[in-house]
Amino acid sequence: MVFSASHSVFIICRDAAGIAGNIFAFGLFLSPIHTYRRIIRNRSTEEFSGLPYIYALLNCLICTWYGSPLVSSDNLLIMTVNSAGAVFQLVYIALFIIYAEKSKKVRMLGFLLADFGLFAIIVFGSLQMTDLVMRRLIVGLLSCVSLISMFASPMFIINLVIRTKSVEFMPFYLSLSTFLMSTSFFLYGIFNYDLFIYVPNGIGTILGIIQLALYFYYKDSSKEDSREPLIVPYP
């Protein structure tokens with residue numbers, strides 16, 4: 001009876017953390033809107049790069065597959081948040097292709113096809129594994145590596161803030177959303193006993209704390225205009 005009650009509490013805490021993570025993730029999904037308003041207004045991608053969205057799409061696709069019932073039966077909230085993230089990235093990529101110059105259009109289309117091709121290989125390859133434990137292990141490792149590598153961007157931003165002593169390119173709402181989302185999914189992974197979720201998001205939580213600390217330390221010496229948010233990770 002005690003074990004049953006404890007297990008029920010863990011499930012409630014897990015689901016609450018996962019739902020909170022889904023909500024906070026939308027703050028990250030919407031972060032490039034300012035950039036795309038400028039692109040649409042000027043009808044040009046200017047010097048912006050579309051590669052962060054290509055990589056974010058691949059990350060969302062891999063994590064969606066990891067959260068699907070065919071790989072892990074207890075990670076539905078991971079599938080929902082990354083499915084939404086994939087849709088947002090596809091919209092951003094489509095807009096980028098529409099307003100990019102011809103050479104960039106061709107390059108972006110090539111990268112997009114490479115994304116879908118690599119994802120198809122991962123899905124097909126993992127489905128050939130009849131051992132469900134091994135399937136979850138392999139796809140989990142891929143999603144974990146993908147998420148950890150996505151944190152290279154916050155590391156770049158942190159280095160930029162320290163070097164310039166300015167938070168111009170690190171908006172507060174973006175740092176806060178990153179911290180809240182990473183913390184939520186870190187707790188979700190803990191309550192779900194899933195190291196492929198709590199390890200990368202634990203790293204994201206630490207980086208989020210560092211970003212917020214740097215923001216409050218350097219905010220008085222920064223001008224708050226003309227910010228262009230950089231790419232951020234999704235769980």
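Residues 172-191 form a span that is 100% helix and 0% strand, with end C-alpha atoms 29 Å apart. The model described here is predicted. The span is one of those covered by the UniProt annotation "transmembrane region", which comes from an unreviewed entry. A search of the whole structure finds 15 aromatic pairs, while the number of disulfides is zero.

**Annotated spans**

- According to the unreviewed UniProt entry, the "transmembrane region" annotation covers residues 6-30, 51-71, 77-99, 106-125, 137-160, 172-191 and 197-218.
- In residues 6-30, helix accounts for 96% and strand for 0%, and the end C-alpha atoms lie 37 Å apart.

**Aromatic pairs**

- Among the 15 aromatic pairs, that of phenylalanine 26 and phenylalanine 88 is edge-to-face, because the ring centres are 5.8 Å apart and the planes stand at 80°.
- Phenylalanine 26 belongs to helix α1 (residues 2-29) and phenylalanine 88 to helix α4 (residues 76-99), so this contact ties together parts that are 62 residues apart in sequence.
- Phenylalanine 26 is partly exposed, with 37% relative accessibility; phenylalanine 88 is also partly exposed, at 22%.
- A second edge-to-face pair consists of phenylalanine 185 and tyrosine 188, with 6.1 Å from centre to centre and 70° between the planes.
- These two residues, phenylalanine 185 and tyrosine 188, are separated by about one helical turn because they are three residues apart in helix α8 (residues 172-191).
- Phenylalanine 185 is buried at 0% relative accessibility, and tyrosine 188 is buried at 1%.
- Ring pairs also join Phe26, Phe29, Tyr36, Tyr53, Phe88 and Tyr92 into a cluster.

**Cysteines**

- The structure contains zero disulfides.
- Cysteine 63 takes part in no disulfide, and the nearest cysteine sulfur, belonging to cysteine 60, is 7.0 Å away.
- Cysteine 63 is buried, with a relative accessible area of 2%, whereas cysteine 13 is partly exposed at 29% relative accessibility.

**Nonpolar surface and helix α9**

- Met134, Leu137, Ile138, Leu141 and Leu142 make a nonpolar surface patch of about 370 Å².
- Methionine 134, one of the patch residues, lies in helix α6 (residues 132-150) and counts as partly exposed at 38% relative accessibility.
- Isoleucine 210 is located in helix α9 (residues 195-218) and is partly exposed, with 34% relative accessibility.
- From isoleucine 210 to threonine 35, the C-alpha to C-alpha separation is 25 Å in space and the sequence separation is 175 residues.

Key: Residues numbered from 1 in each chain as written. Predicted model: local features only at pLDDT ≥ 70, side-chain atom pairs only at ≥ 80, totals over all residues. Heavy atoms only, no water. Patch = residues over 30% accessible without salt bridge, like charges linked within 9 Å, V, L, I, M, F, W, Y side chains within 5 Å. Areas by Shrake-Rupley, 256 points an atom, 1.4 Å probe, with all protein chains shown as cover. Salt bridge = Lys/Arg side-chain N within 4 Å of Asp/Glu carboxyl O. Helix = DSSP H or I, 4+ residues; strand = E, 2+ residues; numbered from the N terminus. Buried < 20%, exposed > 50% of the residue type's maximum accessible area, 1.4 Å probe, protein only. Disulfide = S-S within 2.5 Å. UniProt positions renumbered as here; feature names shortened; annotations may be inferred. Phe/Tyr/Trp six-rings, centres within 6.5 Å; stacked < 30°, edge-to-face > 60°.
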